[in-house]
Amino acid sequence: MTGKVGNTVNIQTKDIYGSRSVSSSGNGDKWSESLQSVFELVLESQGPERTARLLEKLTEKLRAVAQETGRGFNTPYVNTIPPEQQAPFPGNRDIERRIKSYIRWNAMAMVVKANSTTNVGGHISTYASAATLYEVAFNHFLRGHTEVFPGDLVYFQGHAAPGIYARAFLEGRLDERQLQNFRQELAEGGGLSSYPHPYLMPEFWQFPTVSMGLGPILSLYQARFNRYLQARGLVTWKDEPKLWAFLGDGECDEPETLGAITLGARENLDNLIWVINCNLQRLDGPVRGNGKIIQELEGLFRGAGWNVIKVIWGTDWDDLLARDKSGLLVKRMEEAVDGDYQKYSVEPGSYTRKHFFSKYPELLELVNHLTDDQIHKLLRGGHDARKMYAAYKAAMEHKGRPTVILAKTVKGYGLGEAGEGKNISHQQKKMNEKELREFRERFKIPVSDDVIAETPFFRPGPDSPETKYLFERRKALGGFLPARKVTAPPLDVPKLDYFAEFFKGSTSEASTTMAFVRLASMLLRHKGVGRQVVPIIPDEARTFGLDALFKDIGIYSPKGQLYEPVDSKSLLYYHEAKDGQILEEGITEVGSIASFIAAGTSYATHGVPMIPFYIYYSMFGPQRVGDLFWLAGDIRAKGFLLGATAGRTTLNGEGLQHQDGHSLLHASTVPTLLAYDPAFGYELAVIIADGLRRMFVEGEDIFYYLSLYNENYAMPPMPAGVEDGILKGLYKFKPGSDGKKLKAHIFGSGSIINSALKAQEILAERYDVSADVWSATSYKLLRTDALRCKRWNMLHPTQPPKKSNIETLLAKEQGVFVAVSDNIRTVPDQIAPWVPGGLMTLGTDGFGRSDTRARLRRFFEIDAESTVIATLYALAEKGQVERSLVEKAIKDLGVNPEKIFPQIV
Ligand SMILES: Cc1ncc(C[n+]2csc(CCOP(=O)(O)OP(=O)(O)O)c2C)c(N)n1
Ligand SMILES: [Mg+2]
């Protein structure tokens, strides 16, 4: 048995290494050759598919005896494209190298300069390792936006931004002052943003990428959204743009990076190319010191069905690999771990000779003809333009699956002592004069000794071969990148009266979620914008009643529907279609918001405005994917986010992890996000109609968050003249009865406005209080407006003061003010400083519980009785009623004064 296993291991080794096989029995070449001829015979007679099946079967057998082949989806640690299949490099290598060197220098100088007088930071080593990856792409592949081509979409690795600026400088798109002001955006004349931020540089950057993991997942869903637009006939491209995402190997630890990659193969996204800069390091140290990040990623991407191209070794290694008949070189390459490879990049060639090659005498002999210096300079694949070119070309031509290129590089390449390959490389922001001189020498930068300490920028003249070459290449590829161009036409959005049915109200009970579903279906039928609407759902359509749309507009699937759905006989069957309009994402809030962002930026990315409505469990909104909400602001996304099943007590049975009472607060933190908490169908209609106008006619770069509730109640008709108040955040919905002794105001929002309305009745009937009920649709907007006025008044102290909306609305009101909300108290408290006499707030601070709405509302003290008590207490505080009356009310209304306070600390 032992012998058998031994043999099998031999066979396995040969099988993997092919002609470079190694065998302890010494006749590996013979075995390999025999296998090879059998393989060729089978292939010829049986064809590739049957051969593959046979091989799979054999591998199964091998696994059974050898337990674990240990390879999974891996191929040997060598380049995927062998030299004989490598496409020749068509460019001028010398000129391209010089251009790249100048960019390297300027990218480094930008950071060093900024940090010589400030502490604004910046990164040198990321771009230093990635320069070849970018330059080959810029000179040969990345296509700009032209009359007939929308332009490739490129996600630049955030920390490589200095290199992208430095190229734009050589292209004459950025000037010296801008480079000088890298990371000093508030300096006179402006500066360059630290990372790709379309919000800060709206004509330059298209995609924010620096929060690790978000760039990759956005690119994936953007690639899919490009297909969606084509399938629905909203764009017709002669050539389809490619999406290129450049990312870091450390970044692959983010679940967002790898978590959705199966989508790429499932939907045949061959428009997508990821380039992973495998410099083997992240911020603190090696990504996989004890392993191999490239092999790990290869296994994952292959398993997920991607086309994987490894670019590990530069051209210098081709000769060594060809000459090594023993197979020991590949074996040694496999044995060494990333921590070793990092060490080889830092130490002199003698170290690599001693520790890498000399492990096997055959290998030592193999490099006998090389000096230590030559060994040290043996290029890694990601620094070799020829290897990168061949990989990109293969990726461009690959059909049916997305491609990932795993390019091995050295972090801080070229920085030498200042950080090349060192663990501190990522943080290096300064270089001393000696290091600058070395850098200059290594990359032959024409900067003289007397100015080198100032790290001057260098740009070759307009007639230099470099500038000419660079311009010629970009011209051939359709223009400069990155560039963000907004050319979208305004949309023919429905006017408010299109939604007139909501103004009449309804006696039959409905929730705001139902009102939204009705509104969405009306919008989908609207001639002007119906086709532009993109409903997005993470597997909750049935919860919200949106499944009614399945049949009508279909769920997008590039494969259509290959099966008969189980419910095909029902009216509303599960209907997938090639031109389906709904994006049913399955259980992925990250994926869903990535789709929202792709759709919500389509006006800028493709000049085709789309209107995403992303409806989801509100608890799994910003709390779960807040970073993408933030990014949606940065990227200037438009559209509507609908946090359904909102309210800590309105969503009653689901308990602690579902009941949301704080999304509105999260939403309030995003500067371009309008956060609304509507109570009635007509409010929804007014807000959405105005949102459509502002975003898609006026062109404002804003987006909307609306809470939706699942409690049914009669939807009232719209009172006259309240539209403006709805939009600004507060209006009087139902005045209290006349002729009462005392006056109060209760602000309600969402479905909990019903507590306010019932309290209004109790207060009038039992306590002689006339309480006006107001609908507070947006505390955020009221606060922002009030802050803006207050600040203006402070800075213009001698001019007539401005009055905020909230102050104007409440100026003439008498009595006390109470707010009741199904959210934490901080939500209404946002306006407290501007409420005359202060605001008494009731809310749902604390963890949710599973129970009935009535019991939950009593528990959190936001039911009608608690609202009455709070109103009376506010009056008592002002001395308008006796405190004993409050005590009496607590007793009369059956509230337990000793119950717990749900907010723990
Ligand atoms: C979500 C997130 N977490 C942490 C960081 C901080 N950070 C910036 S760069 C970096 C290391 C990046 O390593 P890698 O992806 O390998 O990129 P490299 O610079 O090596 O190309 C870290 C942790 C970040 N930008 N985003
Ligand atoms: Mg890295």
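When I say that two residues are in contact, I mean that they have heavy atoms within 4.5 Å of each other. With that in hand, let me start at V697, and let me say at once that what we are looking at is a predicted model.

V697 sits in the loop that runs between α28, residues 681-696, and β14, residues 703-707. If we leave aside the neighbours within four places in sequence, the residues in contact with V697 are P490, L491, V493 and L692. One of these, V493, is 204 residues away from V697 in sequence, and yet the two are 7.5 Å apart in space, taken from C-alpha to C-alpha. As for solvent, V697 has a relative accessible area of 37%, so it is classed as partly exposed.

A second pair that is separated in sequence is R266 and A304, with their positions 38 residues apart in the numbering and 8.7 Å from C-alpha to C-alpha. R266 belongs to helix α9, which covers residues 262-266, and at a relative accessibility of 48% it counts as partly exposed.

For contrast, please turn to T871, which is part of helix α35, residues 864-877. Is T871 buried or exposed? Its relative accessibility is 0%, and because the limit for a buried residue is under 20%, T871 counts as buried. Apart from the neighbours within four places in sequence, T871 is in contact with A744, I746, L763, V816 and V818.

Let me move on to helix α13, residues 338-346, whose buried residues are D338, Y341, Q342, Y344 and S345. When one looks down the axis of α13, these buried residues fall within an arc of 160 degrees, and therefore they line one face of the helix. What lies over the buried residues of α13 includes four helices, namely α10 (293-303), α12 (328-335), α14 (349-355) and α16 (372-376), together with the strand β5 (403-408).

Helix α13 comes back when we consider the open spaces in the model. The second largest pocket has a volume of about 1300 Å³, and of the 46 residues that line this pocket, K377, L379, Y413, R442 and F443 are the closest to its centre. Which elements give two or more residues to that lining? They are α3 (93-117), α4 (125-140), α13, α16, α17 (385-397) and α18 (433-443), and it is α3 that gives the most, with 9 residues. Sorted by class, the lining of the second largest pocket is made up of 17 nonpolar, 9 polar and 20 charged residues.

Turning from pockets to enclosed space, the structure holds 7 cavities of 30 Å³ or more, and the largest cavity has about 150 Å³ of space in it. The largest cavity is lined by 17 residues, and those that lie nearest its centre are H145, P150, Q206, A483 and K485. By class, this lining comprises 6 nonpolar, 8 polar and 3 charged residues.

Next, the metal site. Which residues coordinate the magnesium ion, ligand 2? The donors come from D249 through OD, from N279 through OD1 and from Q281 through O, at 2.0 to 2.2 Å. Along the sequence, these donor residues follow the spacing D-x29-N-x1-Q, and both N279 and Q281 are buried.

I will end with some details of the backbone. The peptide bond that leads from L481 to P482 is cis, with an omega near -5 degrees, and P482 is found in the loop between α20, residues 465-476, and β6, residues 506-510.

There are also two residues with a positive phi to point out. D539, which is not a glycine, has a phi near 55 degrees; D539 lies in the loop between β7 (533-537) and α22 (541-544), and with a relative accessible area of 41% it is partly exposed. E861 is likewise not a glycine, and its phi is positive at about 65 degrees. Where is E861 placed? E861 is in the loop between α34, residues 853-860, and α35, the helix in which we met T871, and at 25% relative accessibility E861 counts as partly exposed.

Technical notes: Residues are numbered from 1 along each chain as its sequence is written. Chains are lettered from A and ligands numbered from 1 in the order in which they are written. This is a predicted model: local features need pLDDT of at least 70, side-chain atom pairs count only at pLDDT 80 or more; totals for chains, interfaces and linings use all residues. Side-chain values use heavy atoms; hydrogens and water are left out. Buried means under 20% relative accessible area, exposed over 50%, partly exposed in between (1.4 Å probe, protein chains only). The arc is that of the directions from the helix axis to the C-beta atoms. On a 1 Å grid over the protein atoms alone, a cavity is a set of points where a 1.4 Å probe fits but cannot get out, and a pocket is an open set with protein on both sides within 12 Å along at least five of seven lines; lining residues have an atom within 4 Å of a point. Grid points are joined across faces, edges and corners, and a volume is the space filled by probe spheres set on the points. Ala, Val, Leu, Ile, Met, Phe, Trp, Tyr, Cys and Pro count as nonpolar, Asp, Glu, Lys and Arg as charged, and the others, Gly among them, as polar. Donors are N, O and S atoms within 2.8 Å of the metal (3.2 Å for Na, K and Ca); water is not among the atoms, so sites may look incomplete.
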